[in-house]
Amino acid sequence: MGTFKIEGGIPLKGTVQPQGAKNEALQILCPVLLTSEKVRITNIPDIIDVNKLIVLLGNLGVKIQKNGPSDYTFQADEVNIEYLKTEAFKKEGGSLRGSIMIVGPLLARFGCGYIPKPGGDKIGRRRLDTHFEGFINLGAKFRYERADHFYGVEIDGRLQGAYMLLDEASVTGTANIVMAAVLAEGTTTIYNAACEPYLQQLCKMLNSMGAKITGIGSNLLTIEGVDKLGGCEHRVLPDMIEIGSWIGLAAMTRSEITIKDVSWENLGVIPNVFRKLGITLEKKGDDIYIPAHTDGYEIKTDIDGSILTVADAPWPGFTPDLLSIVLVVATQAKGDVLIHQKMFESRLFFVDKLIDMGAKIMLCDPHRAVVMGHNFQSQLKATTMSSPDIRAGISLLIAALTAKGTSTIQNIEQIDRGYERIDERLRALGANIVRA
């Protein structure tokens, strides 16, 4: 496993261009399976998870042409369904949680879809029930091979449109059901649907392929099934999680950084949450400018003077992927904040590493932590640590960039799963970081 060695305490300066959105890319790569025509997608991030999905599509028989950096053309005119029954597929599909989203398109177009129990971050149990209950509502038959942890859905003939009320607003679950429903016979109505910008992007892409989806951006989607979809061109949005990571990194390292082309209209409450931490960020066109916080930043209280609580929620609430960034940034703020992680039960367990570095954090339970900021009066201490998942990994990297001395982060493949060439881009801003 690779490592990063980081010399902390160096202010950075410069401009960064956010990568394409990881969570969108994992969704919009899957509709290429819904048509035999060519689909061109640009601004695809060059990260481990996305590259794994592209390889998986290639092994399924999808023709893939790389037109340039982050620019691919896909054509699924000779899909090999038999590959789904191989041991190679069980291994490859099981290493990537995003692989679950190939099931909906395969079921809709070929009448069957299989997937091993998918992997990904170890951040607690993440149910697949929403996906498969949706497919069952559309008429598919479900089977589960417990010994192999292998899931399957099949149908004779064509899926049938249906009304469904999802028991959770699952982003990937909604995406999967939508991709199945676009080729179903009749009308499908999905209530309590996820409405994240990346899900909106998926629906817009499908409509450009000939689907008929209305209610985009709301939690009530209506899909009129069509007989066939065609090709299209689609551009992936900038990654809002990476943008939030750069905001936090700039403030905590007291660096002057401009983040280019952020798609402000798709950031939701993210800028305001960082402003509540006392961070100054300015809108300049479609860019974000963060000045050097040489005097620090002070956490605001609630209106009644009580401690600020930052909690995650389904869109348009605050994304859970940025709670770990907020937590680490708060360790050097002036004031206290309660971090409430509602959607996953194991995402705060990396705080012991920050405590080892000198941070003042009280872990109340698996979901809540109180951070008491140092106000830059006490510098974090360098240490050796391991990255448990993507978002905790980038948070530890931010902490290391501010720490006194040289830190080592192991298992950096976790960071590479979600952040493109992060060490190169940090060096371009003046950071002293080496990959080994």
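Student: In this predicted model, which residues does V103 touch, not counting residues up to four places away in sequence?

Tutor: V103 touches G113, Y114, I115, F135, V153 and N176. A contact requires heavy atoms within 4.5 Å. V103 itself lies in helix α4, residues 103-110.

Student: Why is V103 called buried?

Tutor: Buried means under 20% relative accessible area. V103 has 1% relative accessibility, so V103 counts as buried.

Student: How far apart are V103 and M179 in sequence and in space?

Tutor: They are separated by 76 residues in sequence, while their C-alpha atoms are 9.0 Å apart in space.

Student: What makes helix α6 largely enclosed by the rest of the structure?

Tutor: Helix α6 spans residues 171-181, and nine of its eleven residues are buried, so the helix is largely enclosed. The buried residues are G173, T174, A175, N176, I177, V178, M179, A180 and A181.

Student: Which polar contact is found at the start of α6?

Tutor: A side-chain oxygen of S170 comes to within 2.8 Å of the backbone nitrogen of G173. The cut-off for a pair of N or O atoms is 3.5 Å.

Student: Why are α5 and α6 described as roughly parallel?

Tutor: The axes of α5, residues 129-137, and α6 cross at roughly 20 degrees and come within 8 Å. Angles under 35 degrees count as roughly parallel, and α5 and α6 are therefore roughly parallel to each other. Their crossing is right-handed.

Student: Which residues form the contact of α5 with α6, and how do they divide by character?

Tutor: From α5, T130, H131, G134 and F135 meet T172, G173, N176, I177 and A180 of α6. These residues divide into three nonpolar, six polar and no charged. Gly is counted among the polar residues in this division.

Student: How do you know that α6 is roughly parallel to α7?

Tutor: The axes of α6 and α7, residues 197-208, come within 10 Å and cross at roughly 10 degrees. The limit for this description is an angle under 35 degrees, so α6 is roughly parallel to α7.

Student: Which residues make the contact of α6 with α7, and how many of them are nonpolar, polar or charged?

Tutor: On α6 they are V171, T174, A175, V178 and M179, and on α7 they are L199, L202, C203 and L206. Eight are nonpolar, one is polar and none is charged.

Student: Why can residues three or four places apart in an α-helix point the same way?

Tutor: An α-helix has 3.6 residues a turn, so residues at that spacing point the same way.

Conventions
Residues numbered from 1 in each chain as written. Predicted model: local features only at pLDDT ≥ 70, side-chain atom pairs only at ≥ 80, totals over all residues. Heavy atoms only, no water. Buried < 20%, exposed > 50% of the residue type's maximum accessible area, 1.4 Å probe, protein only. Helix = DSSP H or I, 4+ residues; strand = E, 2+ residues; numbered from the N terminus. Polar contact = N/O pair within 3.5 Å; in protein donor to acceptor, adjacent residues only side chain to side chain. Axes fitted to C-alpha atoms, helices over the stretch in contact; angles between N-to-C directions. Parallel < 35°, antiparallel > 145°, perpendicular 65-115°, else oblique. Left-handed = near helix turned anticlockwise from the far one by under 90°.
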